[in-house]
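Reader: I should be grateful for a close look at one part of this protein, beginning with a single side chain and the residues around it. Please then set that part in the context of the chain.

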Amino acid sequence: APFGKGEQTVFDTNVRKAFEIPAATLKNLFSTQKVFDSRISAKVEAKMKPANIVWTYKLYKMHIYDKGGKFAPHVDTLHAENHVATLVVALPGKYEGGQLLVKQQETQMS
């Protein structure tokens, strides 16, 4: 799957090895609003959202990481002036190795 590098979109499997599904394709499969008006948004907002702030969710694209898939450490590309986060949803499934590690300044979560 391609990724942003500055102002460019590049494809390099040494950095990201994944499949990409564009939002337009996903919107035909399900409603973003229905998905994020669910328990997912409630859990995310309970842990992360500052009080008195209204969040909206925008389905941008989906990446699927198969066996051997990866995404090297990086800083996400912002896609709008009000873009504050990227939501990662890990679907249940058996796997070995690979750990999602999220860092912000000195804070790290896995």
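Author: Thr-9 counts as exposed, because its relative accessibility is 63% and the threshold for that class is over 50%. The model is a predicted one, and every value below is computed from it. Thr-9 belongs to strand S2, which covers residues 8-10. When residues up to four places away in sequence are set aside, Thr-9 touches Pro-2 and Phe-3.

Those two residues lead directly to Arg-16, since Pro-2 and Phe-3 also appear among the contacts of Arg-16 beyond four places in sequence. Arg-16 sits in strand S3, residues 16-17. Its contacts outside the immediate sequence neighbourhood include Ala-1 at the start of the numbering, and further along the chain His-63, Tyr-65, Lys-70 and Phe-71. With His-63 there is a particular interaction: the two side chains make a polar contact at 3.1 Å.

Is Arg-16 buried or exposed, and which side chain of opposite charge is nearest to it? Arg-16 is buried, and the nearest oppositely charged side chain is that of Glu-20, 4.7 Å away. A salt bridge requires a nitrogen of Lys or Arg within 4 Å of a carboxyl oxygen, so a separation of 4.7 Å does not qualify. Arg-16 is accordingly a buried residue without a salt bridge.

Glu-20 is nevertheless engaged elsewhere. Its side chain meets that of Lys-61 in a salt bridge, with an N to O distance of 3.6 Å. Glu-20 lies in strand S4 (residues 19-22) and Lys-61 in strand S5, so the pair ties together parts that are 41 residues apart in sequence. Both partners fall into the intermediate class of accessibility: Glu-20 is partly exposed at 31%, and Lys-61 is partly exposed at 27%. The structure holds one salt bridge.

The loop between helix H3 (39-48) and strand S5 (61-64) contains Asn-52. What is notable about the backbone of Asn-52? Its phi is positive, about 65 degrees, although the residue is not a glycine. Most residues other than glycine have a negative phi. Asn-52 has a relative accessibility of 80% and therefore counts as exposed. Thr-56 is found in the loop between H3 and S5 as well, and it is exposed, with a relative accessible area of 70%. From Thr-56 to Leu-101 the C-alpha separation is 24 Å, while the two residues stand 45 places apart in sequence.

The later part of the chain carries a nonpolar surface patch of about 400 Å², made by Val-88, Leu-100, Val-102 and Met-109. Of these, Leu-100 is placed in the loop between strand S6 (70-71) and strand S7 (102-104). Strand S8, residues 107-109, contains Thr-107, which is exposed at 51% relative accessible area. Thr-107 and Gly-97 are 10 residues apart in sequence, yet 22 Å separates their C-alpha atoms.

These details belong to a chain with three helices and eight strands. From the N terminus on, the order is β-β-β-β-α-α-α-β-β-β-β. The C-alpha trace spans about 40 × 40 × 35 Å along its principal axes. Arg-16 is buried; of the 110 residues in the chain, 11% are buried. The accessible surface comes to about 9,900 Å², with 55% of it belonging to carbon and sulfur atoms. Among contacts between residues at least 6 apart in sequence, 55% join residues at least 24 apart.

Methods. Residues are numbered from 1 along each chain as its sequence is written. Side-chain values use heavy atoms; hydrogens and water are left out. Patches are made of residues with over 30% relative accessible area and no salt bridge: like charges are joined within 9 Å, nonpolar side chains (Val, Leu, Ile, Met, Phe, Trp, Tyr) within 5 Å. Accessible areas come from the Shrake-Rupley method with a 1.4 Å probe; for residues, only the protein chains shown count as cover. Helices (H or I, at least four residues) and strands (E, at least two) are DSSP runs, numbered from the N terminus. Buried means under 20% relative accessible area, exposed over 50%, partly exposed in between (1.4 Å probe, protein chains only). Lys and Arg count as positive and Asp and Glu as negative; His and the chain ends are not counted. A polar contact is a pair of N or O atoms within 3.5 Å; within protein, one must be able to donate a hydrogen and the other to accept it, and residues adjacent in sequence count only if both atoms are side-chain atoms. Contact means heavy atoms within 4.5 Å.
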